[in-house]
Amino acid sequence: MLQSSAYLDWNNSFDILNKAYDSSLFVLIIGPKGTGKTTLVRDFANSKDTKLESINFSLRTRESHLIGTKTLTQGTIGFDEGILIRSMKEGSILYLDELNAAEADVLLRLDEALDDRRQIILKESTGETINANQKWFVVATINPLTHVGTKELPPQLLSRFPIRIRLDYPPEETEFEIVKRHAGGNHDDSLKQGIKLANTLRQAAAVEELYYAPSLRETIAYAKLLDSGLSAKKAADIVFANVYGQWGNVEYQKVSDIITSMFGK
Ligand SMILES: Nc1ncnc2c1ncn2[C@@H]1O[C@H](COP(=O)(O)OP(=O)(O)O)[C@@H](O)[C@H]1O
Ligand SMILES: [Mg+2]
């Protein structure tokens, strides 16, 4: 049986989020991809019965995505509110995903809203001052700097998020429990071996012996392939080994050898 895929709170993150929420202190979650950051925040918003407004930052994110854009319909000028303004007014939870991928000008504008006054001037349209609803709450995530394309967050922006949660890959037994929430099959031994493999690869990536660390997304995919009837070795090749082909044959062979030593030929 497939269990609910709700967040398994192995880190006591819910408690910290609750305390931060009650004190209107904004939260920064720091962790590599696939460690459950988005799932955690979604579940938290659900538990609060509060609307979640999400934005995923990239180099292409513009101020207008946050603030809004002028519209012109039948000769009338209007304003289509961006996600920041909307969430401030609603008092919803604003989720700023991968904030350190944003450009400096975007961060600067965000900073205006995040300071202690929690207000922003709509210089783009009417010039009015938007005051955030009392309940407004902001959670941001950043990837560690080792990730390609990530920049560090300017210190003054960091200080807007005084509550920090570090999420990393869980211990193997915990990862096993999490994966079991997503793939229900009866392959516990093969699954444990796949998780062990993932951790071996993560450790190798951490000391730069490999270019890539698999996340929980991969261990979940591996479990689903087991469910679909694939052998452990074949599933491991597909999910864990083949991706390293991106960095050439030598890199691929390193991982392929590890898999053979763990799963046999
Ligand atoms: N603690 C956890 N409890 C339940 N599922 C988890 C947990 N951690 C990771 N997952 C699962 O792993 C996958 C990646 O999680 P996600 O929240 O997208 O990570 P991130 O936002 O850090 O990249 C999702 O399928 C998610 O449900
Ligand atoms: Mg995410």
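Start with the whole protein chain in cartoon view: eleven helices and nine strands should come up. Helices here are DSSP runs of H or I with at least four residues, strands are runs of E with at least two, and both are numbered from the N terminus. What you have open is a predicted model, in which local features need pLDDT of at least 70, side-chain atom pairs count only at pLDDT 80 or more, and totals for chains, interfaces and linings use all residues. Residues are numbered from 1 along each chain as its sequence is written, chains are lettered from A and ligands numbered from 1 in the order in which they are written, and side-chain values use heavy atoms, with hydrogens and water left out.

**The whole chain**

Turn the view along the principal axes, and the C-alpha atoms fill a box of roughly 70 × 40 × 40 Å. Now colour 13-166 and 172-263 separately: these are domain 1 and domain 2, with bounds from an automatic or database domain assignment. Their centres, taken over C-alpha atoms, are 34 Å apart.

Switch on the surface next. The protein chain exposes about 13,700 Å², and carbon and sulfur atoms supply 50% of that; accessible areas come from the Shrake-Rupley method with a 1.4 Å probe, and for residues only the protein chains shown count as cover. Of the 265 residues, 44% are buried (under 20% relative accessible area; exposed is over 50%, and partly exposed lies in between, with a 1.4 Å probe and protein chains only).

**Ligand 1**

Select ligand 1 and the residues near it, meaning those with a heavy atom within 4 Å. You should get 16 residues, the closest being L8, G34, T38, T39 and R217. Which helices each supply at least two residues of this shell? Show α2 (37-47), α7 (172-182) and α9 (216-227) to see them. Both domains take part: domain 1 and domain 2 each give at least three residues to the shell.

Colour the shell by residue class and you will find seven nonpolar, six polar and three charged residues. Here Ala, Val, Leu, Ile, Met, Phe, Trp, Tyr, Cys and Pro count as nonpolar, Asp, Glu, Lys and Arg as charged, and the others, Gly among them, as polar.

Now zoom in on individual atoms. A polar side-chain atom of T38 is 2.8 Å from an oxygen atom of ligand 1, and a polar backbone atom of T35 lies 3.1 Å from an oxygen atom of the ligand. At H182, a polar side-chain atom sits 3.2 Å from a ligand nitrogen atom. Taken alone, ligand 1 exposes 560 Å², of which the protein buries 88%.

**Helix α10**

Move to residues 232-241. This helix, α10, is mostly covered, with seven of its ten residues buried: A232, A235, A236, D237, V239, F240 and A241. Add α8 (188-206), α9 and α11 (249-263) to see what these buried residues pack against.

**Two loop stops**

Pick G185, in the loop between α7 and α8. Is G185 buried or partly exposed? It is partly exposed, because its relative accessible area is 21%. Leaving aside neighbours within four places in sequence, G185 is in contact (heavy atoms within 4.5 Å) with K180 and D227.

Finish at D115, in the loop between α5 (104-114) and β6 (119-121). D115 counts as buried because its relative accessibility is 14%. Display its side chain to find a 2.8 Å polar contact with the side chain of R117. A polar contact is a pair of N or O atoms within 3.5 Å; within protein, one must be able to donate a hydrogen and the other to accept it, and residues adjacent in sequence count only if both atoms are side-chain atoms.
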